[in-house]
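Let's take a walk through this model from the overall build down to single residues. Keep the structure open beside you and turn it as you read.

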Amino acid sequence: MIHIDAQFSKWISKIRRDFHMHPELSNQEYETTKKICSILKILGIETQTFDDMTGAVAIIRGANAGPTLALRADIDALPIEELNDVPYASQNTNIMHACGHDANTAIMLGVARAIVENNLAMQINGNIKFIFQPAEEKTNGAESIIAKGVLENPRVDWVIAG
(Lines give C-alpha, C1' and ligand atoms only; values in the text may rest on other atoms or scores of the structure.)
Protein backbone atom coordinates (compact mmCIF):
# COMPACT_ATOMS: atom_id res chain seq x y z
CA MET A 1 0.00 0.00 0.00
CA ILE A 2 1.21 3.49 -0.84
CA HIS A 3 1.21 5.95 2.03
CA ILE A 4 0.39 9.55 1.06
CA ASP A 5 0.00 12.05 3.89
CA ALA A 6 -0.73 15.77 4.18
CA GLN A 7 2.98 16.60 4.10
CA PHE A 8 3.36 14.72 0.80
CA SER A 9 0.39 16.59 -0.66
CA LYS A 10 1.89 19.91 0.45
CA TRP A 11 5.17 18.94 -1.21
CA ILE A 12 3.41 18.36 -4.55
CA SER A 13 1.45 21.60 -4.19
CA LYS A 14 4.64 23.56 -3.44
CA ILE A 15 6.36 22.14 -6.53
CA ARG A 16 3.33 22.86 -8.73
CA ARG A 17 3.12 26.44 -7.51
CA ASP A 18 6.84 26.95 -8.09
CA PHE A 19 6.49 25.71 -11.69
CA HIS A 20 3.42 27.93 -12.07
CA MET A 21 5.30 31.01 -10.85
CA HIS A 22 8.21 30.40 -13.23
CA PRO A 23 6.72 29.27 -16.56
CA GLU A 24 8.89 28.95 -19.64
CA LEU A 25 7.93 28.85 -23.31
CA SER A 26 8.50 25.91 -25.65
CA ASN A 27 12.15 24.97 -26.12
CA GLN A 28 13.12 27.46 -23.40
CA GLU A 29 12.32 25.30 -20.35
CA TYR A 30 15.87 25.53 -18.96
CA GLU A 31 15.05 26.29 -15.32
CA THR A 32 12.11 23.90 -15.38
CA THR A 33 14.40 21.10 -16.59
CA LYS A 34 16.96 21.95 -13.87
CA LYS A 35 14.26 21.85 -11.16
CA ILE A 36 12.94 18.51 -12.41
CA CYS A 37 16.43 17.00 -12.48
CA SER A 38 17.25 18.39 -9.04
CA ILE A 39 14.19 16.73 -7.52
CA LEU A 40 14.90 13.43 -9.30
CA LYS A 41 18.52 13.52 -8.10
CA ILE A 42 17.38 14.03 -4.49
CA LEU A 43 15.13 11.00 -4.93
CA GLY A 44 18.09 8.99 -6.28
CA ILE A 45 16.45 8.37 -9.65
CA GLU A 46 18.54 7.80 -12.77
CA THR A 47 18.04 10.84 -15.03
CA GLN A 48 19.07 11.87 -18.53
CA THR A 49 19.07 15.30 -20.16
CA PHE A 50 20.07 16.41 -23.65
CA ASP A 51 22.94 18.65 -24.81
CA ASP A 52 20.92 20.54 -27.39
CA MET A 53 17.38 20.66 -25.99
CA THR A 54 15.36 20.96 -22.81
CA GLY A 55 13.40 18.17 -21.15
CA ALA A 56 14.49 15.12 -19.23
CA VAL A 57 13.96 11.39 -18.95
CA ALA A 58 14.19 9.38 -15.75
CA ILE A 59 13.89 5.68 -15.10
CA ILE A 60 13.08 3.49 -12.16
CA ARG A 61 14.17 -0.06 -12.84
CA GLY A 62 12.12 -2.82 -11.32
CA ALA A 63 13.51 -5.78 -9.43
CA ASN A 64 12.85 -8.14 -12.33
CA ALA A 65 12.88 -7.97 -16.11
CA GLY A 66 9.64 -7.00 -17.81
CA PRO A 67 7.91 -4.35 -19.90
CA THR A 68 8.53 -0.63 -19.63
CA LEU A 69 5.75 1.82 -18.91
CA ALA A 70 6.41 5.47 -19.73
CA LEU A 71 4.63 8.35 -18.03
CA ARG A 72 4.78 11.63 -19.95
CA ALA A 73 4.22 15.19 -18.78
CA ASP A 74 4.60 18.37 -20.83
CA ILE A 75 6.69 21.10 -19.24
CA ASP A 76 6.18 24.20 -21.39
CA ALA A 77 3.86 27.16 -20.89
CA LEU A 78 1.87 29.46 -23.18
CA PRO A 79 2.48 33.06 -24.26
CA ILE A 80 -0.48 34.35 -22.23
CA GLU A 81 -0.59 37.03 -19.53
CA GLU A 82 -1.84 35.62 -16.23
CA LEU A 83 -4.72 37.59 -14.74
CA ASN A 84 -5.27 35.43 -11.66
CA ASP A 85 -4.70 37.21 -8.37
CA VAL A 86 -3.02 34.43 -6.38
CA PRO A 87 0.28 34.39 -4.45
CA TYR A 88 1.75 31.90 -6.94
CA ALA A 89 0.81 33.79 -10.13
CA SER A 90 3.30 33.79 -12.97
CA GLN A 91 6.27 36.05 -12.41
CA ASN A 92 7.16 35.97 -16.11
CA THR A 93 5.44 38.63 -18.19
CA ASN A 94 3.14 37.25 -20.87
CA ILE A 95 3.93 33.61 -19.99
CA MET A 96 1.60 31.32 -18.07
CA HIS A 97 0.87 27.69 -17.35
CA ALA A 98 -2.69 27.83 -18.66
CA CYS A 99 -2.95 24.17 -19.70
CA GLY A 100 -1.98 22.43 -16.47
CA HIS A 101 1.52 21.37 -17.44
CA ASP A 102 2.73 22.64 -14.07
CA ALA A 103 0.31 20.29 -12.31
CA ASN A 104 1.06 17.32 -14.58
CA THR A 105 4.80 17.71 -13.97
CA ALA A 106 4.38 18.05 -10.20
CA ILE A 107 2.09 15.02 -10.04
CA MET A 108 4.52 12.93 -12.07
CA LEU A 109 7.32 13.90 -9.70
CA GLY A 110 4.99 12.86 -6.87
CA VAL A 111 4.48 9.46 -8.50
CA ALA A 112 8.26 9.03 -8.72
CA ARG A 113 8.66 10.01 -5.07
CA ALA A 114 5.89 7.63 -3.96
CA ILE A 115 7.54 4.74 -5.81
CA VAL A 116 10.91 5.48 -4.21
CA GLU A 117 9.65 6.15 -0.68
CA ASN A 118 7.40 3.09 -0.64
CA ASN A 119 10.12 0.87 -2.14
CA LEU A 120 7.77 -0.18 -4.92
CA ALA A 121 10.56 -0.80 -7.45
CA MET A 122 11.26 -4.05 -5.63
CA GLN A 123 7.73 -5.19 -6.58
CA ILE A 124 7.90 -4.15 -10.23
CA ASN A 125 8.57 -6.54 -13.10
CA GLY A 126 9.92 -4.11 -15.67
CA ASN A 127 10.61 -0.40 -15.60
CA ILE A 128 8.89 2.94 -15.25
CA LYS A 129 10.20 5.73 -17.45
CA PHE A 130 9.32 9.36 -16.74
CA ILE A 131 9.38 11.60 -19.81
CA PHE A 132 9.34 15.35 -19.17
CA GLN A 133 8.59 16.62 -22.65
CA PRO A 134 9.46 20.13 -23.84
CA ALA A 135 7.71 22.10 -26.55
CA GLU A 136 4.30 20.44 -26.58
CA GLU A 137 2.68 23.79 -27.37
CA LYS A 138 4.84 24.18 -30.48
CA THR A 139 3.87 20.65 -31.59
CA ASN A 140 7.45 19.54 -32.20
CA GLY A 141 8.34 18.45 -28.68
CA ALA A 142 7.26 14.82 -28.95
CA GLU A 143 8.97 14.33 -32.29
CA SER A 144 12.19 15.92 -31.02
CA ILE A 145 12.40 13.92 -27.82
CA ILE A 146 11.51 10.66 -29.61
CA ALA A 147 14.35 11.38 -32.06
CA LYS A 148 16.64 11.53 -29.00
CA GLY A 149 15.72 7.93 -28.19
CA VAL A 150 13.45 8.34 -25.17
CA LEU A 151 11.39 5.34 -26.25
CA GLU A 152 14.48 3.09 -26.28
CA ASN A 153 17.01 1.71 -23.79
CA PRO A 154 14.86 0.19 -22.44
CA ARG A 155 12.22 0.09 -25.16
CA VAL A 156 8.91 1.55 -24.02
CA ASP A 157 5.94 -0.80 -24.30
CA TRP A 158 3.22 1.64 -23.20
CA VAL A 159 2.91 5.38 -22.67
CA ILE A 160 0.47 7.22 -20.42
CA ALA A 161 0.36 10.96 -21.02
CA GLY A 162 -1.06 13.66 -18.77
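Helices and strands here are DSSP runs, H or I over at least four residues for a helix and E over at least two for a strand, numbered from the N terminus. Bear in mind that this is a predicted model.

With that in hand, start with the big picture. The protein has four helices and five strands, and from the N terminus they come in the order α-α-β-β-β-α-β-α-β. The radius of gyration is 16 Å, close to the 15 Å that the globule rule gives for 162 residues, so the protein is as compact as a globular protein of that length. Its C-alpha trace spans about 50 × 40 × 20 Å along the principal axes. Of the 162 residues, 45% count as buried. Look at the contacts between residues at least 6 apart in sequence: 73% of them join residues at least 24 apart. On the outside, the protein exposes about 8800 Å², with carbon and sulfur atoms supplying 52% of that.

Now go inside. The largest nonpolar core has 28 residues, and the members that touch the most others are I36, L40, I45, L109, F130 and F132. Two or more residues come from each of α1, α2, β2, β3 (64–74), α3 (101–117) and β4 (125–133). The largest share, six residues, is given by α3. To get a feel for the packing, click on F132: leaving aside residues up to four places away in sequence, F132 touches I36, L40, G55, A56, A73, I75, T105, M108, L109 and I145. There is also a second, separate core of eight residues, with M53, V57, V150 and V156 among them.

Since α3 gives so much to the main core, with the largest share of its residues, that helix deserves its own stop. Its 17 residues reach 24 Å from first C-alpha to last, close to the 24 Å expected at 1.5 Å a residue. Which residues of α3 are buried? They are H101, D102, T105, A106, M108, L109, G110, A112, R113, A114 and I115, and they pack against α1, α2, β2, β3 and β4. As a reminder for reading that list, an α-helix has 3.6 residues a turn, so residues three or four places apart point the same way.

Following α3 you meet N119, in the loop between α3 and β4. N119 has a positive phi of about 50 degrees although it is not a glycine, and it is partly exposed, with a relative accessible area of 48%. N27 is another case: its phi is positive, about 65 degrees, and it isn't a glycine either. You'll find N27 in the loop between α1 and α2, partly exposed at 35% relative accessibility. One more backbone detail to check is the peptide bond from N153 to P154, which is cis, with omega near 0 degrees. P154 sits in the loop between α4 and β5.

On to the charged pairs. Side chains of opposite charge can pair when their charged atoms come close. How many salt bridges does a search of the whole structure find? It finds eight. One of them joins D18 and K35, with the closest N and O atoms 3.0 Å apart. This pair links distant parts of the chain, 17 residues apart: D18 is in helix α1 (residues 6–21) and K35 in helix α2 (residues 30–43). D18 counts as partly exposed, at 27% relative accessibility.

K148 and D52 form another salt bridge, their closest N and O atoms being 2.7 Å apart. K148 lies in the loop between α4 (141–147) and β5 (158–161), and D52 in the loop between β1 (46–50) and β2 (53–61), so the pair ties together parts that are 96 residues apart in sequence. K148 is partly exposed at 34%, while D52 is exposed at 57%. R155 and D157 also form a salt bridge, at 2.8 Å between the closest N and O atoms, and D157 is partly exposed at 31%.

Last stop: E136, in the loop between β4 and α4. E136 is partly exposed, with a relative accessible area of 29%. The C-alpha atoms of E136 and S26 are separated by 7.0 Å, though the two residues are 110 apart along the chain. Not counting residues up to four places away in sequence, E136 touches S26, R72, D74, D76 and H101.

Conventions. Residues numbered from 1 in each chain as written. Predicted model: local features only at pLDDT ≥ 70, side-chain atom pairs only at ≥ 80, totals over all residues. Heavy atoms only, no water. Salt bridge = Lys/Arg side-chain N within 4 Å of Asp/Glu carboxyl O. Buried < 20%, exposed > 50% of the residue type's maximum accessible area, 1.4 Å probe, protein only. Core = buried A, V, L, I, M, F, W, Y, C linked by side-chain atoms within 4.5 Å. Contact = heavy atoms within 4.5 Å. Expected span 1.5 Å × (residues − 1). Rg over C-alpha atoms; globule rule 2.2 N^0.38 Å. Areas by Shrake-Rupley, 256 points an atom, 1.4 Å probe, with all protein chains shown as cover.
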